[in-house]
Amino acid sequence: MNLASCLDPDSRTMLDDSIARYASGGAAPSWEALATNGWLGLALSEQHGGYGATIGDLVALLRIAGAHGWRLPLLQCLGEACGALLALPPGEVRDCLLSRVAAGEAVIGLCAMEGESAPALADQEHRLTGTCRFLIGGGRWDHVLVEAHLRGRPRNGLFVVDGWAPQLRRHDIVAIDGSDAVDLELNGVAATLLGDAGPALAGARHRATILAAAETLGLAGAALDATCAHLAGRRQFGQAIIRFQAIRHRLVELHIMKQELQAMLAAACAAYDETRPGLDEMLWRLRAQSARAALFVTSEAIQLHGGMGMTSELDIGGHYKRALLLDGLFGSVRDAVGVLAFALPVPDQGPTA
Amino acid sequence: MSVPALFDPDAFRAEVRAFCARALPGDLRAKADANIYFTKDDRVRWQRILHEQGWFAAHWPSAHGGADWGQLQRFILIEELEYAGTPWITHFGISFAGPLLCAFGSDAQRAAFLPGILESTIWWCQGFSEPGAGSDLAAVQTSAIRDGDDYVVSGQKTWTTMAQWADMMFALVRTDREAGRHDGLSLILIDLAAPGVSIRPIGTIDGLRHVNEVFLDEVRVPRFNLVAGEGDGWRCTRFIVGMERPLVTELGKARRLYDELAALCRGPKAQDAVFRYRIAELGLRLEALRALAYTAAERAEDGAHADVDASMLKIRGSQLQQALLDALLWGKGRSGLLAPSEGGEEGYRSDAGLVADHLHARATSIYGGSNEIQANIIARALLPA
């Protein structure tokens, strides 16, 4: 894929190759291994100990994660948390957190995506109380970013809490795709104010949208490849069923949808790197296309696999469940298109009757 | 292979926009705004304005009067011309016959035919489809039999767009009945004023006159008018079809229709949440088409043009255009119920042009190789047989 990259072509190819080699190596993917390879800091600046590469380079990692069905909190930490931190003004705590992510020293989560979790409450000493729901990747959260309302402050703030603080109670849950998740109860946990929540949350959403699109591209591609392979091998009525035109046209539709997503993702990466005007709308559209492609491709993949698609033996069901999870966490087609519909022009205010 | 001149896409786009704002005559702009079908005279006028600007044939090789433009620049030009509502360039000459002759014609043929295309004095149409050869184009039966220095051409072409305005037709004919389905085909240039040619309009649901039947009854065509050699017809046809598919993306037209739709949000439909949702969804599909189109155009610019790209654009472009016109008609309420009309009238009846456009757009998924054919092309390229 032609994504903008600030790496020279050779380094880029080496990077892609080494990620692909790691993914097909057979070992269970681990955060530590990604850190050792330096991939967690791919799209972070050199100041923070990162590669200084662009978002397009990180996209390569997420595509692989999607294709191989990794269950690591990449979208949460590298997408949401880093997106939020990068949208905040530079500061000692923020810079330290980014450096710790790049070095693989800390996994950071964000508890404030719209809808699910009401903002926590902060008292005058910045102790937070509230519930953060459904933080994916429950095993290890070294720091958690929390949106909280501070009495007397007009806008909600974004705070960071220590993930191991005793006033933070964890309820382990398992998400639909098999990911570990937690609900966090904050019982007066000490927190540090990083800045206004608004821009930080927008930054979180932007970065997570791009990375989720990349993961979707990976999982949709894997589901489509597996489906083609199945249909080419499966014989009924005396021939491989991939020869039936009805089947072929359905595969073409899936392919086009994937190509649209890939083209939109490439355009969005370029717009993101340059902070172009209209980025927010563009990313809502990317979100909508990701959601549409993820669910359509994976549900069609199940159908085209026939009964085999229902078995836990194949990865197809896992891809479908992951698509459902991404839908719920980052917005469905209806959510994203709804936001876009809201942003359409409204009538000029005439005199009311 | 010529090297396209470097250009700045954003600056060029801005230049085309400014040009359209300045150069489109007022009466044509009024027609565009009312979705009124352009006459041949309208089109000739506009093509000459474009030619004067140096853009009409810029995609041709410089050796033959062009400017060696790459695919991307031509794509941006077409997109912006469509977006501004300017008369649709009649591609049969400038986009198909011209490049075909540049690529496969003889010097004498280029000298004979290219000037008329450049000056918009000679109009062309495309003689591909026949009653028995639509989607299955290689089933063409029209025959061309050698007789001295002529071919004698007999048969029937159909769905021939704008034949009623055309002076010439490039036609796919069978020169060898013994050879294989594809090998027996040749491409020949037929003067429509020749004895034995008769053209009959086909009435269509949109009320517009755009397609025709062309009957060829022992029409004598000089051997000079054979493009490339006997048996090269399929190669020439593939060349033309490859030029055609990206053009039917109609990204600029989609953007224009989308703007028209979004403007309805300021009117009585503003509070209709379902309507707004539908527009936003079409905006999403427009963005997807745009991303797909530019990915393909950039690939083509790099010389990595793929048939699959053109087919995807054809499918998605036609689907979107139909969906946009569907939503527009819905958004117009009862004025969308007018009988289609070419002329349109002042005032509220101008929506009749839109109705015609809506009905006409049903053809976009059929012509230029139906969407099912496009799906077959993509499947053949990507999937095991």
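In the predicted model, A:G69 adopts a positive phi of about 65° just after helix 3 of chain A. The helix that precedes this glycine spans residues 55-67, and its 13 residues reach 18 Å from the first C-alpha to the last, close to the 18 Å expected at 1.5 Å a residue. Helix 3 of chain A is mostly covered, with 13 of its 13 residues counted as buried.

The setting of this helix is given by the domain assignment, in which chain A is divided into domain 1 (9-103), domain 2 (108-197) and domain 3 (200-342). The C-alpha centres of domain 1 and domain 3 of chain A lie 22 Å apart, and 23 residues of domain 1 of chain A are in contact with 27 residues of domain 3 of chain A. On the domain 1 side of this contact, the elements that give two or more residues are helix 3 and helix 4 (74-87) of chain A. By class, that side of domain 1 of chain A is made up of 15 nonpolar, six polar and two charged residues.

Chain A as a whole contains ten helices and nine strands. Its radius of gyration is 21 Å, close to the 20 Å that the globule rule gives for 353 residues, so chain A is as compact as a globular protein of that length. Taken along the principal axes, the C-alpha atoms of chain A fill a box of roughly 75 × 65 × 40 Å. Of the 353 residues of chain A, 49% count as buried, and among contacts in chain A between residues at least 6 apart in sequence, 72% join residues at least 24 apart.

One residue of a strand in chain A may be considered individually. A:F134 is found in strand 3 of chain A, which covers residues 127-136. Because A:F134 has 19 C-beta neighbours inside 10 Å, whereas a buried residue requires 20 or more, A:F134 counts as partly exposed. The C-alpha atom of A:F134 is separated by 17 Å from that of A:N187, a residue 53 positions away along the chain.

Chain B holds twelve helices and eight strands. For its 385 residues a compact globule would have a radius of gyration near 21 Å, and the value of 21 Å for chain B agrees with this. The C-alpha atoms of chain B occupy a box of roughly 70 × 50 × 45 Å along the principal axes. Buried residues make up 46% of the 385 residues in chain B, while 73% of the contacts in chain B between residues at least 6 apart in sequence join residues at least 24 apart.

The domain assignment of chain B gives domain 1 (9-89), domain 2 (124-231) and domain 3 (248-382). Between the C-alpha centres of domain 1 and domain 3 of chain B there are 20 Å, and the contact between these two domains of chain B involves 15 residues of domain 1 and 18 residues of domain 3. The side of domain 1 of chain B that touches domain 3 of chain B comprises, by class, eight nonpolar, four polar and three charged residues.

Within chain B, strand 2 (residues 143-147) and strand 3 (residues 150-157) pair in the antiparallel sense over five bridges. In this pairing, B:R146 stands opposite B:Y151 in strand 3 of chain B. The two strands of chain B form a hairpin with two residues between them, and B:G148, which lies in the turn, has a positive phi of about 65°.

The contact between the chains takes 27 residues from chain B and 28 residues from chain A. On the chain B side, helix 9 (273-301), helix 10 (307-331) and helix 12 (371-382) each supply at least two residues, and helix 9 of chain B gives the most, with twelve residues. Classified by residue type, the side of chain B that touches chain A has 19 nonpolar, three polar and five charged residues.

How values were computed. Residues numbered from 1 in each chain as written. Chains lettered and ligands numbered in written order. Predicted model: local features only at pLDDT ≥ 70, side-chain atom pairs only at ≥ 80, totals over all residues. Helix = DSSP H or I, 4+ residues; strand = E, 2+ residues; numbered from the N terminus. Expected span 1.5 Å × (residues − 1). Buried ≥ 20, exposed ≤ 12 C-beta atoms within 10 Å, placed from the backbone. Contact = placed C-beta atoms within 7 Å. Nonpolar A, V, L, I, M, F, W, Y, C, P; charged D, E, K, R; others polar. Domains from an automatic or database assignment. Rg over C-alpha atoms; globule rule 2.2 N^0.38 Å. Pairing = 2+ DSSP bridges.
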